[in-house]
Amino acid sequence: MKAKVHVMLKNGVLDPQGEAVRHALGTLGFDGVEGVRQGKVIELDLADGTTEATVAEMCEKLLANTVIESYSIEMV
């Protein structure tokens, strides 16, 4: 069993990496990009029977800084 955790900065939190990517895309001629938010995907290989609630607890304790980041869980 696998889980994918998508972690993104919350709205209103400055994203300097995303801004750097947006600027670089403009420099390369991709003028239609108005904003970029960069995040991360964490893929977990889990034992059978691991619940989404357990993965959420992992996020709350380690995988996401919930003060500035939000996360979503996809069980696959």
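Biologist: What percentage of the 76 residues of the protein count as buried?
Modeller: The model is a predicted one. A residue counts as buried when its relative accessible area is under 20%. By that cut-off, the buried part of the 76 residues comes to 21%.

Biologist: What radius of gyration does the protein have, set against a compact globule of 76 residues?
Modeller: The C-alpha atoms fill a box of roughly 50 × 25 × 15 Å along the principal axes. For a compact globule of 76 residues, a radius of gyration near 11 Å would be expected. The protein instead has a value of 16 Å.

Biologist: In what order do the elements of the protein run from the N terminus on?
Modeller: The secondary structure comprises two helices and three strands. Read from the N terminus, these elements run β-α-β-α-β.

Biologist: In which order do the three strands stand in the open sheet?
Modeller: Strand S1 pairs with S2 in the antiparallel sense over seven bridges. Seven bridges also join S1, residues 2-9, to S3, again antiparallel. S2 (39-45) and S3 (69-75) each have a single partner strand, so they stand at the edges with one side left without a neighbour in the sheet. The order is therefore S2-S1-S3.

Biologist: Which residues stand opposite Val5 in S2 and S3?
Modeller: Val5 belongs to the side chains of S1 that are buried. Towards S2, Val5 stands opposite Ile42. In S3, the bridge partner of Val5 is Ile73.

Biologist: Which side chains of S1 point to the face where they are buried?
Modeller: In a regular strand the side chains alternate between the two faces of the sheet. S1 shows such an alternation, with Lys2, Lys4, His6 and Met8 pointing to one face and not buried. The side chains that point to the other face and are buried are Ala3, Val5, Val7 and Leu9.

Biologist: Which elements each supply at least two residues of the largest nonpolar core?
Modeller: In soluble globular proteins, nonpolar side chains tend to be buried together. Here the largest nonpolar core has eleven residues: Ala3, Val5, Val7, Ile42, Leu44, Leu46, Val55, Cys59, Leu63, Ala64 and Ile73. The elements that each supply at least two of its residues are S1, S2 and H2.

Biologist: At about what angle does helix H2 run to S3?
Modeller: Helix H2 covers residues 52-63 and lies across S1, S2 and S3. Cys59 is in contact with Val5, Ala64, Tyr71 and Ile73, leaving aside neighbours within four places in sequence. With respect to S3, helix H2 runs at about 150°.

Biologist: How far apart are the end C-alpha atoms of H1?
Modeller: H1 has twelve residues, and at 1.5 Å a residue the helix should span 16 Å. Gly29, whose phi is positive and near 100°, follows H1. The end C-alpha atoms of H1 agree with the expected span, being apart by 16 Å.

Biologist: Is Leu14 buried or exposed?
Modeller: Leu14 lies in the loop between S1 and helix H1 (16-27). Not counting residues up to four places away in sequence, Leu14 touches Leu9 and Arg37. The relative accessible area of Leu14 is 75%, and the limit for this class is over 50%. Leu14 is therefore exposed.

Biologist: What distance in space separates Ile68 from Leu9, C-alpha to C-alpha?
Modeller: Ile68 is placed in the loop between H2 and S3 and is partly exposed, at a relative accessible area of 33%. Its contacts, apart from neighbours within four places in sequence, are Met8, Leu9, Lys10 and Val13. Although Ile68 and Leu9 are 59 residues apart in sequence, their C-alpha atoms are separated by 5.8 Å.

Biologist: How far apart in space are Met1 and Ala47, C-alpha to C-alpha?
Modeller: Met1 is in the segment before S1 and is partly exposed, with a relative accessible area of 41%. Beyond residues up to four places away in sequence, Met1 touches several residues, including Leu44, Ala47, Thr50 and Val76. Met1 and Ala47 are 46 residues apart in sequence, and the distance between their C-alpha atoms is 6.3 Å.

How values were computed: Residues are numbered from 1 along each chain as its sequence is written. This is a predicted model: local features need pLDDT of at least 70, side-chain atom pairs count only at pLDDT 80 or more; totals for chains, interfaces and linings use all residues. Side-chain values use heavy atoms; hydrogens and water are left out. Two strands pair if DSSP finds at least two bridges between them. Helices (H or I, at least four residues) and strands (E, at least two) are DSSP runs, numbered from the N terminus. Contact means heavy atoms within 4.5 Å. Axes are lines fitted to C-alpha atoms, for helices over the stretch in contact, and angles run from 0 to 180 degrees between N-to-C directions. A nonpolar core is a set of buried Ala, Val, Leu, Ile, Met, Phe, Trp, Tyr and Cys residues joined through side-chain atoms within 4.5 Å. Buried means under 20% relative accessible area, exposed over 50%, partly exposed in between (1.4 Å probe, protein chains only). The expected span of a helix is 1.5 Å times one less than its number of residues. The radius of gyration is taken over C-alpha atoms; the globule rule is 2.2 Å times the number of residues to the power 0.38.
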